[in-house]
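Colleague: I am new to this model and would like a close look at one part of it. Could you take me through the charged side chains and their surroundings?

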Amino acid sequence: MSANAMSAGLRDLVRELLEGGGEPIEGGRFLPLVTLESGARVGLDSAATWVVVPEGGGPAQAFAPDRGPIVFEVLESRRDDFDASIEAAARAAGLPPEEVAFSFPATHVVRAVLARGLPSMTRLALSWLRLTEARALRADIVAVSRDPTMPVPIRDLAERLTVPE
């Protein structure tokens with residue numbers, strides 16, 4: 001299974017869990033796993049898709065590169081804390097914690113931020129990245145290391161994170 005992929009077995013477990021539990025959201029049910037600083041909650045919906053539910057409710061939004069504010073807010077959480085929250089909530093729900101945490105679309109989140117070309121967010125995204133995710137983002141990281149508009153320390157960080165092909 002590749003990074004950020006959810007196994008069919010885990011998808012089935014999430015669906016089964018949400019048939020009898022979780023929280024109601026517009027259009028279905030939701031298993032919250034992380035609460036962001038804004039109060040928005042990140043978790044899985046009944047289709048086992050990673051979604052964000054705004055504080056106070058409202059429609060869940062699937063993670064996508066065009067959802068800038070939420071993508072940026074995720075990176076403002078310490079990665080260890082973010083992953084630990086996912087694992088603890090998954091464990092409490094009876095799901096395999098590591099597999100749930102591993103299925104979070106971290107590479108998509110980091111790629112979306114790198115594509116924006118904002119130096120402070122680029123540094124944060126590179127720092128948030130796990131080394132096991134670096135190969136999937138190699139081209140994006142190399143592009144940062146060669147971007148003359150990026151400050152030298154950020155280009156140097158990107159160069160250190162570039163893994164061989």
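**A buried charge and its surroundings**

Modeller: Let's start with Asp-45, which is buried yet forms no salt bridge: Arg-15, the nearest side chain of opposite charge, is 7.8 Å away. Buried here means under 20% relative accessible area, with exposed over 50% and partly exposed in between, using a 1.4 Å probe and protein chains only. A salt bridge needs a side-chain nitrogen of Lys or Arg within 4 Å of a carboxyl oxygen of Asp or Glu. For charge, Lys and Arg count as positive and Asp and Glu as negative, while His and the chain ends are not counted.

Please keep in mind that this is a predicted model, in which local features need pLDDT of at least 70 and side-chain atom pairs count only at pLDDT 80 or more, while totals for chains, interfaces and linings use all residues. Residues are numbered from 1 along each chain as its sequence is written, and side-chain values use heavy atoms, leaving out hydrogens and water.

You will find Asp-45 in strand S3. Strands (E, at least two residues) and helices (H or I, at least four) are DSSP runs numbered from the N terminus. The Asp-45 side chain reaches the backbone nitrogen of Ala-47 at 2.9 Å; a polar contact is a pair of N or O atoms within 3.5 Å, where within protein one must be able to donate a hydrogen and the other to accept it, and residues adjacent in sequence count only if both atoms are side-chain atoms. Apart from neighbours within four places in sequence, Asp-45 is in contact (heavy atoms within 4.5 Å) with Val-14, Leu-18, Arg-29, Phe-30 and Val-51.

Follow the chain on to Ala-48, in the loop between strand S3 (41–45) and strand S4 (50–53). Ala-48 is buried too, with a relative accessible area of 10%. Its phi is near 60 degrees, a positive value in a residue other than glycine. Most residues other than glycine have a negative phi.

Now for charges that do pair up. The count of salt bridges comes to nine, and a network of them links Arg-78, Arg-79, Asp-80, Asp-81, Asp-83, Arg-130 and Glu-133. Within this network, Arg-79 and Asp-83 meet at 3.2 Å, N to O. These two are four residues apart in helix H3 (residues 79–93), so about one helical turn separates them. Both Arg-79 and Asp-83 are buried.

Arg-79 also has a salt bridge with Glu-133, at 2.7 Å, N to O. This pair links distant parts of the chain, as Glu-133 is in the loop between H6 and H7 and Arg-79 is in helix H3, 54 residues apart. Glu-133 is buried, just like Arg-79.

One more pair to look at is Arg-130 and Asp-80, whose side chains meet in a salt bridge of 2.9 Å, N to O. Because Arg-130 lies in the loop between H6 and H7 and Asp-80 in helix H3, this pair ties together parts 50 residues apart in sequence. Here Arg-130 is partly exposed, with a relative accessible area of 29%, and Asp-80 is partly exposed as well, at 42%.

So your tour holds two settings: Asp-45 is buried without a salt bridge, whereas Arg-79 and Glu-133 are buried and meet in one.
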